[in-house]
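Trainee: Please take one part of this model and go through it closely. I would like to hear how the two chains meet, beginning with the residues themselves.

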Amino acid sequence: MPNTQNEQVKTDTSFEENYIDENVSVKTNKTKEFIKKFMKRKTAVAAFFVMCFLLLMALFGPSLAPYAPEAYDYDNILAGPSASHLFGTDQYGRDIFSRILAGTPLTLGVSLSSVIVGAALGTVLGLLAGYYGGWIEMLVMRGADVLFSFPDILLAIAIVALLGPGIVNVFIAVAVFTVPSFARIMRSATLAVKGSLYVEVARSLGCKDGRILFVHIFPGTLQSLIVNFTMRIGSAIMAASSLSFLGFGANIADPEWGAMLSLGRSYLSTAPHMVYLPGLVIFITVLAFNLFGDGLRDTLDPKIK
Amino acid sequence: MGRYIARRLLETIPLMLIISIFVFMFIHLIPGDPARTLAGVEATPEEIEAIREEFGLNDPLLKQYADYMIGLFKGDMGRSLKSNIPVTELIWSRFQFTIQLVCAGLVWAPFLGIFIGVMCAIKRGTWVDLGGMFLAICGLSAPGFWLGLMGIQFFSVKMGMLPSAGLESWKSLVLPSLVMGTGIMATLARYSRSSMLETLREDYVRTARAKGQKESIVMFRHAFKNSLIQVVTILGLQIGGLLSGSVITENIFSIPGMGRLLVDSISFRDYPVIQGLLMIFALQYVLINLVVDVLYGVINPKIRLD
């Protein structure tokens, strides 16, 4: 008897090993296939490299800046782009290129972190709404409807109006207006996965709701989550810069890109580079995230083009 | 059709009620004592108490909400803390400027957007498609405030062709309209393209081709008309989005519309005006969506039967 049991255990173990091996190789193949498909989209690949460059700029930019962002040079006030000041200087003679580098962690950090927080909240709410239905779904979806009734930046402005100006409040505002889009998308994705056979099997094996939701359903909704996440970063950068431009975000003296542009508008006729260049950086950043998001969406789900 | 419209109208009522609660709670969500915030830093306890009385902050919350709703139905949204003018009057005086801007954006952007999208779909995979879609994604990624300021610098400061501020003549609408419309043009170009491509795969398009119809008739009578159904929904959402675009545009071009009023009111912490504007913006957005839904029902009878 013990021998038979041992054999049984051995067989089970080898089955599990084979199963895991197969699973790993399927996953590797899928990843390879995804990379192969993605590499065919040249603009998306280029956007990916720009994004990586921007993230590196956020990490190391401030230390690589040729001048300190607050270094005043009154002999070079409002100077145009030159070899010593690549992007020119502002009304205090501060080097705009160095300020853009120093402002990268601030601008990208606020946008990225707010989307991460908004996405996490929206995902949990969407998963719960889609899985449990009933009053939870009603509550979450009506809440999303209310937030959707205030178009994009207006909601962020309303939140800043409530909490007061400041970069932390911009982070909260952008996170809040990110939540409903994730809640909606994740609810639909959950509804689509909820009826799958493997979820039924997990339930019949006695898995708890939490495990079914986060171990079985959540991975099935990852595609929608990743695509929406990338797409929302562009909007978040735009919203955060818009709020700073309006004077509700970063302190006007901070090297935040939107705030720099806002400062430059008073010198539009004498030093247009103060507006052109920080704006161009915002544009390229948003464009890179949007192009990457488009490429990712087309690769993951070619139907939704 | 009447039943469909009635059903959609009824569906809007609970949403509007929730929005009204949200907007009503706005003053109560101000961190700390709202009466103190409304009265200002240097206010005396008597002044704070007077504010509390004026806004009914001593009453139970439910009574405050009921009073707020009765006021709303009578068109009374309180008075501005800054100018003491009734909020409704203040918003109404600014409304026409914002509407002018929205119309200026709508004059060209949807048409150009749909045209670009359809051309890209017809010429799929060519340079026209690539160029059109690149233009669209650039339009989506360019911040409105940057476009506006560059427009002022080039057309007003350098060329002296267009005014840089105000709304005195049609010329002063050109640059704001450009800023307002760019996003909508870009979005519609992308959606029209994908909607047209989807329609071109339909059986009835294949049948029309098999019947030997001219390609131009297949494209415009069979494919284009049907692809518009999806585009209408997106257009509705975009019109709602234009309202938020007005906040930036009005600030760049110093246009005294509702968006400018909102920014000024936030700077002054004029909460009754902020509350009124939020209510109007949300109401407009919901109404536009309602109109779009009804239009959608008119264009696509299948929706009415659902």
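Mentor: In this predicted model, start with one pair of helices. On the α11(A) side, Val275(A), Tyr276(A), Gly279(A), Ile282(A) and Phe283(A) make the contact, and on the α7(B) side their partners are Trp146(B), Leu149(B), Met150(B) and Gln153(B). By class, the residues of this contact of α11(A) with α7(B) are seven nonpolar and two polar, with no charged residue.

Now the geometry of the pair. Helix α11 of chain A runs over residues 273–300, and helix α7 of chain B over residues 144–158. Their axes come within 10 Å and cross at roughly 145°. The crossing of α11(A) past α7(B) is left-handed.

That contact can be set against the interface as a whole. Counting both sides, 37 residues of chain A are in contact with 39 residues of chain B. On the side of chain A that touches chain B, at least two residues each come from α4 (134–148), α5 (152–163), α9 (222–245) and α11 of chain A. Of the elements on that side, α11(A) gives the most, with 10 residues. The side of chain A that touches chain B divides into 24 nonpolar, seven polar and six charged residues.

Last, the record. An unreviewed UniProt entry annotates residues 104–293 of chain A as "domain: ABC transmembrane type-1". In the model, that span of chain A is 83% helix and 0% strand, and its end C-alpha atoms lie 20 Å apart.

Terms used:
Residues are numbered from 1 along each chain as its sequence is written. Chains are lettered from A and ligands numbered from 1 in the order in which they are written. This is a predicted model: local features need pLDDT of at least 70, side-chain atom pairs count only at pLDDT 80 or more; totals for chains, interfaces and linings use all residues. Axes are lines fitted to C-alpha atoms, for helices over the stretch in contact, and angles run from 0 to 180 degrees between N-to-C directions. Helices (H or I, at least four residues) and strands (E, at least two) are DSSP runs, numbered from the N terminus. A crossing is left-handed if the near helix is turned anticlockwise from the far one by less than a right angle, and right-handed if clockwise. Two residues are in contact if their C-beta atoms, placed from the backbone, lie within 7 Å. Ala, Val, Leu, Ile, Met, Phe, Trp, Tyr, Cys and Pro count as nonpolar, Asp, Glu, Lys and Arg as charged, and the others, Gly among them, as polar. UniProt positions are given in the numbering used here, feature names are shortened, and annotations may be inferred rather than shown by experiment.
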